[in-house]
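The following exercises concern a single protein chain with a bound ligand. Each task is followed by a solution that proceeds step by step.

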Amino acid sequence: MTAERMNGKELAATKHAEMKVRVSELAKSGIVPGLAVILVGDDQASQTYVRSKQKMCEKVGIHSILKHLPADTTEEVLLSHIDELNNDPEIDGILVQLPLPKQISEQAVIEAISPEKDVDGFHPINIGKMMTGEKTFLPCTPHGIIELLKASEVQIAGSHAVVVGRSNIVGKPVGQLLLNEHATVTYCHSRTVDLRAITTQADILVVAVGIAKLIKKEDIKPGAVIIDVGMNRDENGKLCGDVDFDDVEDIASHITPVPGGVGPMTITMLLENTIESALNRS
Ligand SMILES: Nc1nc(=O)c2c([nH]1)NC[C@@H]1CN(c3ccc(C(=O)N[C@@H](CCC(=O)O)C(=O)O)cc3)C=[N+]21
């Protein structure tokens, strides 16, 4: 058996075509969705991500602006930029690229973004709404994972979903969204005593820890659905996930590749949130 690849790039392209239509409908009422991205400093990887977000915006017809601030920007200055964007009627979404330089508190920045423009879904108000199942901006990577599972017709309700990793941006919220879809959810993390004993029970295994090829065939149950959120470089400098793809491919039922799996879906959900926000303009 060879696992079916869950093609995030392809699903993203399908969704981009749909969004393009929605954006042109909005244009008839004089609305162009606007996304502002703030990048602080010169981290190479961050610049690459930001560039691909802007390219996707352009494809779909979303107006995007980039504020590129120097690495020594103070928290006060960053907060004043956010305040200005909160009050800009042409801006529907604000994304501050993480991580931020250490002189700036990420929590303070996230809480300064108006919840109505928080297209990352990181604001405590939006996290609270997600937990109670109210309609709100969902965090992009977790939401993209749910969309990929649904498009692949994976049964979530009643399944045992195991999440490895407990970050605020992926691990914790993806567990919550899987719970909202009626999975039984187990979280594993760096203090988990016997990781393999738990991952081998997973019908759906989500791995988001940032350790290249951590998960091997002995760590999964035959027929499991594997979601790999990792973005690492292997010993040859090649992009690879947290799952050893070649090792598990023959025993999993479905698996997301890296690249071309979860990453493109993350950007897609960001664009969807921005369009949704523009629809809420009054
Ligand atoms: N406020 C904020 N929001 C974010 O959503 C956010 C962030 N900060 N900081 C960094 C992470 C990372 N992230 C990625 C998005 C898409 C790909 C992606 O499209 N990856 C491609 C490959 C990219 C390549 O080839 O290097 C793929 O998986 O196929 C990757 C990583 C969003 N993040």
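The model is predicted.

**Exercise 1. Locate Glu 4 and classify its exposure.**

Step 1. Glu 4 is found in strand S1.

Step 2. Glu 4 has 13 C-beta neighbours inside 10 Å. A residue is buried at 20 or more such neighbours and exposed at 12 or fewer, with partly exposed in between. Glu 4 therefore counts as partly exposed.

Step 3. Leaving aside residues up to four places away in sequence, Glu 4 touches Ser 253 and His 254.

Step 4. Glu 4 and Gly 61 are 57 residues apart in sequence, and their C-alpha atoms are 32 Å apart in space.

**Exercise 2. Determine the strand order of the open sheet and identify its edges.**

Step 1. The open sheet has six strands in the order S1-S11-S8-S7-S5-S6, with parallel pairing.

Step 2. Strands S1 (4-5) and S6 (184-188) each have a single partner strand, so they stand at the edges and one side of each is left without a neighbour in the sheet.

Step 3. The pairings can then be followed through the sheet. Strand S5 (residues 160-164) runs parallel to S6 and is joined to it by five bridges; one of the residues to inspect is Val 164, whose bridge partner in S6 is Cys 188. S7 and S8 pair in the parallel sense over four bridges, and the partner of Val 206 in S8 is Ile 227. S8 and strand S11 (residues 254-255) pair over two bridges, also in the parallel sense, and Ile 226 has Ile 255 as its bridge partner in S11.

Step 4. Burial is assessed next. Four of the five residues of S5 are buried. In strand S8 (residues 225-228), Val 225 and Ile 227 point one way while Ile 226 and Asp 228 point the other way, and all are buried.

**Exercise 3. Describe how helix H7 is placed, and examine the residue His 182 that follows.**

Step 1. Strand S5 is joined to S6 by five bridges. Helix H7 (residues 171-180) packs on the sheet and touches S5, S6 and strand S7 (204-207). The direction of H7 makes about 165 degrees with that of S6.

Step 2. The buried residues of H7 are Gly 171, Pro 173, Val 174, Gly 175, Leu 177 and Leu 178. Their cover includes helix H5 (124-132), helix H6 (140-151), S5, S6 and S7.

Step 3. His 182 is found in the loop between H7 and S6. Phi of His 182 is near 75 degrees, a positive value in a residue other than glycine. Most residues other than glycine have a negative phi.

Step 4. His 182 has 12 other C-beta atoms within 10 Å, and is therefore exposed.

**Exercise 4. Establish whether Thr 199 is buried or exposed, and list its contacts.**

Step 1. Thr 199 lies in helix H8 (residues 195-199).

Step 2. There are 23 other C-beta atoms within 10 Å of Thr 199, so the residue is buried.

Step 3. Residues up to four places away in sequence are not counted; Thr 199 then touches Val 162, Val 164, Cys 188, Leu 205, Ile 215, Asp 219 and Ile 220.

**Exercise 5. Characterise the shell around the ligand and its relation to the domains.**

Step 1. The ligand is surrounded by 18 residues, of which the closest are Leu 98, Pro 259, Gly 260, Gly 263 and Thr 266.

Step 2. Helix H2 (44-60), strand S4 (93-96) and helix H10 (262-279) are the elements that give two or more residues to this shell. The largest share, four residues, comes from H10.

Step 3. Sorted by class, the shell has 11 nonpolar, six polar and one charged residues.

Step 4. The domain assignment gives domain 1 (30-115) and domain 2 (140-262). Both domains give residues to the shell, so the ligand lies between them. The C-alpha centres of the two domains lie 28 Å apart.

**Exercise 6. Find the cis peptide bonds that involve Leu 98 and Pro 259.**

Step 1. The bond from Leu 98 to Pro 99 is cis, with omega near 0 degrees. Pro 99 is placed in the loop between S4 and helix H4 (106-112).

Step 2. The bond from Val 258 to Pro 259 is likewise cis, with omega near 0 degrees. Pro 259 is found in the loop between S11 and H10.

Step 3. For context, most peptide bonds are trans.

Methods
Residues numbered from 1 in each chain as written. Predicted model: local features only at pLDDT ≥ 70, side-chain atom pairs only at ≥ 80, totals over all residues. Pairing = 2+ DSSP bridges. Contact = placed C-beta atoms within 7 Å. Axes fitted to C-alpha atoms, helices over the stretch in contact; angles between N-to-C directions. Near = placed C-beta within 6 Å. Nonpolar A, V, L, I, M, F, W, Y, C, P; charged D, E, K, R; others polar. Domains from an automatic or database assignment.
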